[in-house]
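User: I would like a close look at one part of this protein, namely its nonpolar interior. Please set that part in the context of the whole chain and of any unusual backbone features.

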Amino acid sequence: MIRPGHAEIVGAGFGGLVAAIALRQRGWSVRVHERRDTLRGEGYGIAIHNNMAHVFSALGILDRVLAGGMKIDRRDSLDSTGRVVTSRRNARISHRIDRQHIVTLLTERAGELGADIRFRSQVRSADPAGAVILEDGQRLTADLVVAADGVNSVIRDHLGLLKHRLWGRDCGVRVTIPRLPEEIAADDREGAVLIEAWADKRRVLYCPVTKGEFYVLLTCAAQDAPACTSPIDPDAWARSFPFMRELFVRIRDTADWPQSRWDRFQTIRLKRWSSGRVAVLGDAAHAMPPYLTQGAGHAMMNALGLAAALDDTPSIEAALERWERRERPLTEHTQRWTRIYRATMFLPKPMKQVSILVEKLPWVAAQYVRVANHVPTGVGPNWQTNMTAN
């Protein structure tokens, strides 16, 4: 068994912060490097499934996380006219939580446990022997280095671990907007509803993320210039979804566009998830489009699984190999089924409805929810979560 040592973590996103907390819980000393001067950034909603609830429970913050969001009761899929193609009660999504709320709680929890979080700390590379090298040349040694520095990870690329960067034909933007009083009142009558609509090569998804806010995700073809503007053009989007024109006007007028951006989606695959004593996780290791809402979930599950792998393995290198063997297959399952689900956007109109209906087939549905219902490594046999009670 590895004795607790010191970890240098690069990146204070979901994966980096969960790794910091999980390692501190196991007696490690931890220093987190964040290149920005604040953790405030793009605002949007995070889908909390059972797997993520287990992670938050293991970190001791589940109740506080759920208290800041909304329980989603139903998911409706619509066509271009607003007709409901399918309606499902809690098919995949239980809660939506504001991203900033989760990041704040993770940061507070890491601080409570004694993790050292350093802002404006730029890391330029890492040594597989166990060290990070800062932009000013300073070398900080560690027993373990965790590279959670995002989809454009400098550490991953410095170590030559990238196998594939697969650019998608699609892009998206995520924003939050205020809800109207009548929308808030409808929650009591009908329950909180997630709306997903498909038309042309465009998709709209929105749902409550707090009582007073909607989370909105717009996706379209990367070459769809009229659609992917900041702020959006309501007329362009209303050509695909006429019944949502007022919503598009609200998105244009009330979203925080300076904090939002259109991102072309990509899928990242590595040759391996580690090099020596350096582990790579989160978007740096396995970025994926947001169609199954599991990018953050995998970052957090794999961070917790990494800490757990150190509990019962004789060396850091052996622990990292075991961690990858255990966690990577499920991550790549999600990447694969994300690609399948996103294909709906590019199907001809009649086939879109068929694709949506196919989701209801038991075997297909099981593939989509496999990770959502997964019990992550490291939660322990005594951790209990009860999503329905919150």
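Analyst: The account below begins with the interior and then turns to the whole protein and its backbone.

The model is a predicted one. Its largest nonpolar core has 87 residues, and within that core the residues with the most contacts are Phe56 and Leu106. Phenylalanine 56 is a useful point of entry. Leaving aside residues up to four places away in sequence, Phe56 touches Ile48, Ile61, Leu62 and Val65. The same list of partners continues with Ile102, Leu106 and Met300. Leu106 thus appears both as a partner of Phe56 and as one of the two residues with the most contacts inside the core. Apart from this core lies another, of 27 residues, which includes Val173, Val175, Phe214 and Ile232. In soluble globular proteins, nonpolar side chains tend to be buried together.

The overall figures give the setting for these cores. Of the 390 residues in the protein, 58% count as buried. Where contacts join residues at least 6 apart in sequence, 74% of them link residues at least 24 apart. The secondary structure consists of 13 helices and 19 strands. The radius of gyration is 21 Å, in agreement with the value near 21 Å that a compact globule of 390 residues would have. Along the principal axes, the C-alpha trace spans about 60 × 45 × 40 Å.

The outer face can be described in similar terms. The accessible surface amounts to about 15800 Å², and carbon and sulfur atoms account for 50% of that area. Positive side chains number 54 and negative ones 43, with the centres of the two sets 5 Å apart.

Three backbone features remain. Serine 230 and proline 231 are joined by a cis peptide bond, with omega about -5 degrees. Proline 231 belongs to the loop between strand E16 (213–221) and helix H7 (234–238).

Arginine 120, although not a glycine, has a positive phi, near 55 degrees. Its position is the loop between strand E8 (116–119) and strand E9 (123–127). With a relative accessible area of 63%, Arg120 is exposed, because exposed means over 50%.

Threonine 293 is likewise a residue other than glycine with a positive phi, here about 50 degrees. Thr293 sits in the loop between helix H9 (283–286) and helix H10 (295–309). Is this residue buried or exposed? Its relative accessibility is 18%, so threonine 293 counts as buried, the limit being under 20%.

How values were computed
Residues numbered from 1 in each chain as written. Predicted model: local features only at pLDDT ≥ 70, side-chain atom pairs only at ≥ 80, totals over all residues. Heavy atoms only, no water. Helix = DSSP H or I, 4+ residues; strand = E, 2+ residues; numbered from the N terminus. Rg over C-alpha atoms; globule rule 2.2 N^0.38 Å. Buried < 20%, exposed > 50% of the residue type's maximum accessible area, 1.4 Å probe, protein only. Contact = heavy atoms within 4.5 Å. Areas by Shrake-Rupley, 256 points an atom, 1.4 Å probe, with all protein chains shown as cover. Lys, Arg positive; Asp, Glu negative; His and termini not counted. Charge placed at Lys NZ, Arg CZ, Asp CG, Glu CD. Core = buried A, V, L, I, M, F, W, Y, C linked by side-chain atoms within 4.5 Å.
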